[in-house]
Structures are given as C-alpha cells and as structure tokens.
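Trainee: I am new to this structure. Can we go through the terms used for it, one by one?
Mentor: Yes. Have a look first.

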Amino acid sequence: MPETSDVVELILRDHRRMEDLFRLMRSVEDDRGAALREFSDLLIAHALAEESKVYPALKRYKNIDDDEVEHGEDEHDEGNQALLELLQVEEIGSDEWDEKLEELVEAVTHHADEEERTILNGARENVPMERREELGAAFREERERLLKSGCGSVDNVRKIVES
C-alpha cells in the first residue's frame, strides 16, 4: 500500500489489520498467541493515539459530533476491558478463550463500525486534507512510540482498565 499521512486512512488501515488478526486468533492453524500479542499492542497503541492526538482535534470541528467522539472513548474502555479478560485466560483455544475472544471481537468491531460511520466520515467531509495529514503524522508517531513500549502487555492493559 502506498504511504499516506491522512489520519482517516491510517485509522482505517489499523481497523482492517485488527480484522485480519481476529481471523488469525480464530484459526487453529495459526499462531493464535502471536496474533493476540500483536493485536493487544495494536489495539492499545491505536486507541491511546486516537485519544491523545486525534479526538481532541476533531472536537474542534463544528460538524463532528462531540458526543460521538466521547462515545468512541467509552467504547475504547469497553474494548480494553474485553482485551484484558482475554489476556487473562490461561489456555489459548479453550472454551473460555473462544468465548472471551468473541466478546472482544464484538466490542471492537462495534466500535470500529460506529467510528467509521460517524467520526471518520465526519472528518473526511469536514477536516481539510492538510489538517488530516498533520493529525495523521501525530497519530502515527504516538502509535509507533506506544508500540515500541510494549503497551499491550497484560500488566499495562490492567493499569489502563483500572485507571
């Protein structure tokens, strides 16, 4: 894929990668543990970068609904809780693991769908490309910093959920 700095496209790419990782976590032929580790890092880095670099800027645009942005933050909390519950399951592939995985899939796909229809469509229609690229650069930088920090570890996810 060609490089882009458009924050909308960067967020959409992360959403598609999360969907790919869900497929890997469901597959008995793939390394489900590795897929979960990548997913955990990506989900946490993605959400924290959105909340610190993207959402506050989008709230400044009159045609982007602040309530939708705040709702997106609440849904991040729900996804983080579901992720923590999956990370705490001891046996990958157990009935409990499959159950917690489906709860995570439901929480994250619900959020991604809503975010794409409301916040991201609003950003695409109302935020000039130059500003979307500035936000994209800030989002990418923060996301990469967080990914390098191992932000998806069970201990870090637990701290995020408890805060």
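Mentor: Start with a definition. A helix here is a DSSP run of H or I with at least four residues, and a strand is a run of E with at least two. Keep in mind that this is a predicted model.

Trainee: What are the helix and strand shares over residues 7-120?
Mentor: The chain is 83% helix and 0% strand over that range. The C-alpha atoms at its ends are 9 Å apart.

Trainee: Where does the range 7-120 come from?
Mentor: From UniProt. An unreviewed entry there lists residues 7-120 as "domain: Hemerythrin-like".

Trainee: Why are H1 and H4 called roughly antiparallel?
Mentor: Take the angle. The axes of H1 and H4 cross at roughly 165°. Angles over 145 degrees count as roughly antiparallel. H1 and H4 are therefore roughly antiparallel to each other. Their axes come within 11 Å.

Trainee: What is the handedness of the crossing where H1 passes H4?
Mentor: The crossing of H1 past H4 is left-handed. The contact of H1 with H4 has 14 nonpolar, two polar and seven charged residues.

Trainee: How many cavities of 30 Å³ or more does the structure hold?
Mentor: Two. What makes a space a cavity is that a 1.4 Å probe fits but cannot get out. The largest cavity has about 100 Å³ of space.

Trainee: Which residues are closest to the centre of the largest cavity?
Mentor: Leu 43, Glu 75, His 76, Val 108 and His 111, out of 13 that line it. Four helices each give two or more residues to this lining: H1 (7-26), H2 (32-58), H3 (66-87) and H4 (95-126). By class, the lining of the largest cavity has six nonpolar, six polar and one charged.

Trainee: How much space lies in the second largest cavity?
Mentor: About 30 Å³. Its lining includes Glu 68, His 71, Glu 75 and His 111. H3 and H4 are the elements that give two or more residues to this lining.

Trainee: Which element gives the most to the lining of the second largest cavity?
Mentor: H4, with five residues.

Trainee: How do you know that the lining of the second largest cavity has four charged residues?
Mentor: Set the list against the classes. Asp, Glu, Lys and Arg count as charged. Glu 68, Glu 75, Glu 114 and Glu 115 are in the lining. The class count agrees, with four charged, four polar and one nonpolar.

Notes: Residues numbered from 1 in each chain as written. Predicted model: local features only at pLDDT ≥ 70, side-chain atom pairs only at ≥ 80, totals over all residues. Heavy atoms only, no water. 1 Å grid on protein atoms, 1.4 Å probe; cavity = no way out; pocket = protein on both sides within 12 Å on 5 of 7 lines; lining within 4 Å. Points joined across faces, edges and corners; volume = space filled by probe spheres on them. Axes fitted to C-alpha atoms, helices over the stretch in contact; angles between N-to-C directions. Parallel < 35°, antiparallel > 145°, perpendicular 65-115°, else oblique. Left-handed = near helix turned anticlockwise from the far one by under 90°. UniProt positions renumbered as here; feature names shortened; annotations may be inferred.
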